[in-house]
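User: I have a model open and want to go through its packing and pairing. Please keep the answers short.

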Amino acid sequence: MKKLFICFVCMMCFSLNLFAQNVTFKMVKIPNANFEMLEHEVTLSMYEQVMGERPVLTERTVYTNENGEKEETVKKEYVQDEDEFYEYPVIAVSAYDAIYFCNKLSILNGLEPVYSVNGESDFRKWDYTPHESFGIKGSIKQDSTKNGYRLPNIEEWSYAAKGGENQMNLNSEDLCDFIWCKENSFNTHHPVGGKKANAYGLYDMFGNVEEWCFESTTLKKAAGKVAGKAALKLLTTALGGNSVGTASEGVDIGRPMGGAYTTKLEYCNLETKSMWNCSMQSEVIGFRFVRTIK
């Protein structure tokens, strides 16, 4: 019985840490705010170590056959199948894949997971298969008071992207020192950290790949009922060290931010906001995560 117990404990530890060995990364404390942010986009190497697999771009086509019945074809493609992409930002991940990753990394690092589905924060109990499912079934909630990893909201991302100054006031020639965009990318993404960091020490906030942000529908609807400074106070969670969001936020709107290597330089700015379904996979969208500091 004693040997069986020891084996069981070892199997539990092994199953949790199998794909998380030697995952190293640097978080940057954002000045005058209560969160820290990954210094660059999540790389393919980091993603694979945590998830145990590389993203698969899944394309589903629904059609009606000759009998009038609906059928579905599924095409899967690895878009980063070469090891040379290890230090590139991971791509072809949906926002759902990203929050799955965040909860898994949080648990592996002994932190409190931020996201829950139908009240369950253990990603292993979600009815979801990364890279294959259209979306997570159930009610997704975010508790930003937890100390685990999560996607930034738009206000946090924007505040960090400015780097304490409005980088976008630079001329085009100088901006290209910070940004991989259509004008200089040769129509492909590049290894993280290849351009200059902003004043906070964050790389690739604009260009290279767009980054998933989550926008709280709960907060957004509430802000829509008020105006001016009241709405700004409700939605802006990064400035002045205000608390980041509230417990049990609804988080089902995905907004990739920052532009990508395919984006013209003039559109790599804070004003350009994309809106995609959270199940969207794209070769120009990746993510980085943040963590609330209590």
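User: Which residue lies over the face of Trp180?
Analyst: This is a predicted model, where local features need pLDDT of at least 70, side-chain atom pairs count only at pLDDT 80 or more, and totals for chains, interfaces and linings use all residues. Residues are numbered from 1 along each chain as its sequence is written, and side-chain values use heavy atoms, with hydrogens and water left out. A charge sits over a ring if NZ of Lys or CZ of Arg is within 6 Å of the ring centre and within 35 degrees of the ring normal. At 4.2 Å from the ring centre of Trp180, the residue is Lys195.

User: Over which ring does the charged end of Arg124 sit?
Analyst: The charged end of Arg124 is 5.5 Å from the ring centre. The ring belongs to Phe123.

User: How many bridges join strand 1 to strand 2?
Analyst: Strands (E, at least two residues) and helices (H or I, at least four) are DSSP runs, numbered from the N terminus. Two strands pair if DSSP finds at least two bridges between them. Strand 1 (residues 27–29) and strand 2 (residues 35–38) run antiparallel. The number of bridges joining them is 3.

User: Which residue in the hairpin of strand 1 and strand 2 takes a positive phi?
Analyst: The hairpin has 5 residues between the strands. The positive phi is near 60°, and the residue is Asn32.

User: What is the bridge partner of Met37 in strand 12?
Analyst: Met37 of strand 2 is the bridge partner of Val28. Strand 2 also runs antiparallel to strand 12 (residues 290–292), with 3 bridges. There, the partner of Met37 is Val290.

User: How many residues of helix 2 are buried?
Analyst: Buried means under 20% relative accessible area, exposed over 50%, partly exposed in between (1.4 Å probe, protein chains only). In helix 2 (residues 44–51), the buried residues are Leu44, Ser45, Met46, Tyr47, Val50 and Met51. They pack against strand 2 and helix 3 (95–108). The helix is mostly covered, and the buried count is 6 of 8.

User: Which element supplies the largest share of the largest nonpolar core?
Analyst: A nonpolar core is a set of buried Ala, Val, Leu, Ile, Met, Phe, Trp, Tyr and Cys residues joined through side-chain atoms within 4.5 Å. The largest has 42 residues, and Val42, Phe101, Phe287 and Phe289 have the most contacts inside it. Helix 2, helix 3, strand 5 (115–117) and strand 8 (210–215) each supply at least two residues. The largest share, 9 residues, comes from helix 3.

User: How many residues are in the other core, the one with Trp157?
Analyst: That core lies apart from the largest one. Its members include Ile30, Trp157, Phe206 and Leu270. The count is 25 residues.

User: How far apart in sequence are the parts that Tyr47 and Phe101 tie together?
Analyst: Rings of Phe, Tyr and Trp (its six-membered ring) pair if their centres lie within 6.5 Å; planes under 30 degrees apart count as stacked, over 60 as edge-to-face and the rest as tilted. Tyr47 and Phe101 are stacked, at 5.5 Å centre to centre with 5° between the planes. Tyr47 lies in helix 2 and Phe101 in helix 3, so the separation is 54 residues.

User: Why is the pair of Tyr47 and Phe287 edge-to-face?
Analyst: Phe287 lies in the loop between strand 11 (285–286) and strand 12, so its pair with Tyr47 of helix 2 ties together parts 240 residues apart in sequence. The ring centres are 6.4 Å apart. The pair is edge-to-face because its planes are at 80°.

Technical notes:
Contact means heavy atoms within 4.5 Å.
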